[in-house]
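Subject: Handover of a structure and the findings on it

Dear colleague,

Please find below the sequence and the structure that I am handing over to you. A description of what was found follows directly after them.

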Amino acid sequence: MVANPSPFSLQIPQADLVDLKARISRSRLPDEAPEAAWRYGTSVVYMRDLLEYWQHDFDWRDQEAALNSFPQFRFPLHGIDLHILHVQGEGPAATPLLLSHGWPGSVFEFLDLIPRLTHPTSFGGKAEDAFTVVAPSLPGYGLSFQPKQMRFGLEAMADCLATLMTEVLGYKRFAAQGGDWGAFISSRLGAVHAEKLLGIHINLLAVRRDPTMVSDPTEEERQYLGALTEFLKEETGYQWIQGARPQTLSVGLTDSPAWLAAWIAEKFRMWTDNDGTPETAVSRDRMLANISLYWFTGCIGSSFHPYYARMHGPWPIPGTIDVPMGYCQFPKEILRPPRSLAARTYTNIRRWTEMPRGGHFAAMEQTEGLANEIIAFFRSVRTAQS
């Protein structure tokens, strides 16, 4: 053991809630371009409605209570105070599972998913499939952020979480799951901490984004490379500014709740399987809880650091990943490389499932489906290793 976790409960000061509502009331929105909504970014009409709801109808205390219904801890690790949810699974042999979020996410993504994993019998499942879930706020994100603390790239995050699981919590081997940066962290763990892993399950593939990676592509690969080219042209502006000038961007996003909400809500709209607005894919209250956590903790600038490190450093996945791997592909995920390209990195693909609905925020959009896939994959891994 390298640290002693301290129990934690979130309680945002009432003065901070009052200040947030006052700032929202003073929001100054631009005009809407006289063309289709969302064509140039976040719809101003949508933002006006979202801000009205955030100011008058959103109940932060309800969302705070939902988070506080889970056991939480903070403790010093790798130079920061790391925040985690640590939820024991039912039965005597629950599998330890590291559950990692990404950007612009937080542990609020997992509040509906965790009970399905820790207590599967409550949802018609079997106790032997239970997990003990460890869901950290990633270093530099949310409740794992304090002003002026050191910044973490993906490599440092993976090392920190490997220490968390093995040396702090005492799990000799554990499972890992994630989407977005959480998928990269899980993949990095599988590459450099393989001896500690039972396997990894991901819903985003950590495959290099190079349209010239294949000299003689199959038809499936050709279609993907075309989608990748379009993505790099139209959808990576946020990556460039977050990766090149994160401090400049964070000044405005830390000062203006309207700007912060517009910056994050656009990603919920673009990356979810929705019918025109994010709320047809995810709960408005849960999305605003996530945005509010970024606001109250002031972590948005620190949360950009993985983009800066990724842009200015080497590819974070060295070599191949040989531990058992399961992948859940959702049709509205931002990129969906074919299995032939994934197999260049992941050499031990045990489960590959293409889901009928869902997008980037799978834990929120398709909670039941994702939970069932995680359970089925690790059940097969445990069976094979027993």
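I begin with helix 8, whose buried residues are Tyr238, Gln239, Gln242 and Gly243. Viewed down the axis of helix 8, these buried residues fall within an arc of 115 degrees, so they line one face of the helix. They pack against helix 7 (219–234), helix 9 (246–255), helix 10 and helix 13. Please note that the model is a predicted one.

Helix 8 also has a part in the largest pocket. About 540 Å³ of space lies in this pocket. Its lining is made up of 18 residues, and those nearest the centre are Arg209, Leu232, Gln239, Arg310 and Trp315. Three elements each give two or more residues to this lining: helix 6 (181–192), helix 8 (237–244) and helix 13 (305–312). Gln239 thus appears twice in this account, as a buried residue of helix 8 and as one of the residues nearest the centre of the largest pocket. Sorted by class, the lining of the largest pocket holds ten nonpolar, three polar and five charged residues.

The second largest pocket contains about 470 Å³ of space. It is lined by 23 residues, with Pro30, Gly41, Thr42, Val44 and Ala262 lying nearest its centre. Helix 2 (44–56) and helix 10 (257–271) are the elements that give two or more residues to this lining. Helix 10 supplies the largest share, five residues. By class, the lining of the second largest pocket has 13 nonpolar, five polar and five charged residues. Helix 10 is also among the elements against which the buried residues of helix 8 pack.

I turn next to the sheet. Nine strands form an open sheet with mixed pairing, in the order 1-2-3-5-4-6-7-8-9. Its edge strands are strand 1 (6–7) and strand 9 (349–354), each of which pairs on one side only. At one of these edges, strand 1 pairs with strand 2 (residues 72–77) in the antiparallel sense, over two bridges. Ser6 stands opposite Arg74 of strand 2.

How much of strand 6 is buried? Five of the five residues of strand 6 (residues 174–178) are buried. Both of its faces are covered, with Phe174, Ala176 and Gly178 on one side and Ala175 and Gln177 on the other. In the order of the sheet, strand 6 stands between strand 4 and strand 7. Strand 4 (residues 95–100) and strand 6 run parallel and are joined by four bridges. Strand 6 also pairs in the parallel sense with strand 7 (residues 197–202), over five bridges. Gln177 takes part in both pairings: Gln177 is the bridge partner of Leu99, and His201 in strand 7 is the bridge partner of Gln177.

One further residue may be of interest to you. Arg222 is found in helix 7, one of the helices against which the buried residues of helix 8 pack. Is Arg222 buried or partly exposed? Arg222 is partly exposed, with a relative accessible area of 45%. The C-alpha atoms of Arg222 and Leu293 are separated by 40 Å, and the two residues are 71 residues apart along the chain.

With kind regards

Notes: Residues are numbered from 1 along each chain as its sequence is written. This is a predicted model: local features need pLDDT of at least 70, side-chain atom pairs count only at pLDDT 80 or more; totals for chains, interfaces and linings use all residues. Side-chain values use heavy atoms; hydrogens and water are left out. Two strands pair if DSSP finds at least two bridges between them. On a 1 Å grid over the protein atoms alone, a cavity is a set of points where a 1.4 Å probe fits but cannot get out, and a pocket is an open set with protein on both sides within 12 Å along at least five of seven lines; lining residues have an atom within 4 Å of a point. Grid points are joined across faces, edges and corners, and a volume is the space filled by probe spheres set on the points. Ala, Val, Leu, Ile, Met, Phe, Trp, Tyr, Cys and Pro count as nonpolar, Asp, Glu, Lys and Arg as charged, and the others, Gly among them, as polar. Buried means under 20% relative accessible area, exposed over 50%, partly exposed in between (1.4 Å probe, protein chains only). The arc is that of the directions from the helix axis to the C-beta atoms. Contact means heavy atoms within 4.5 Å.
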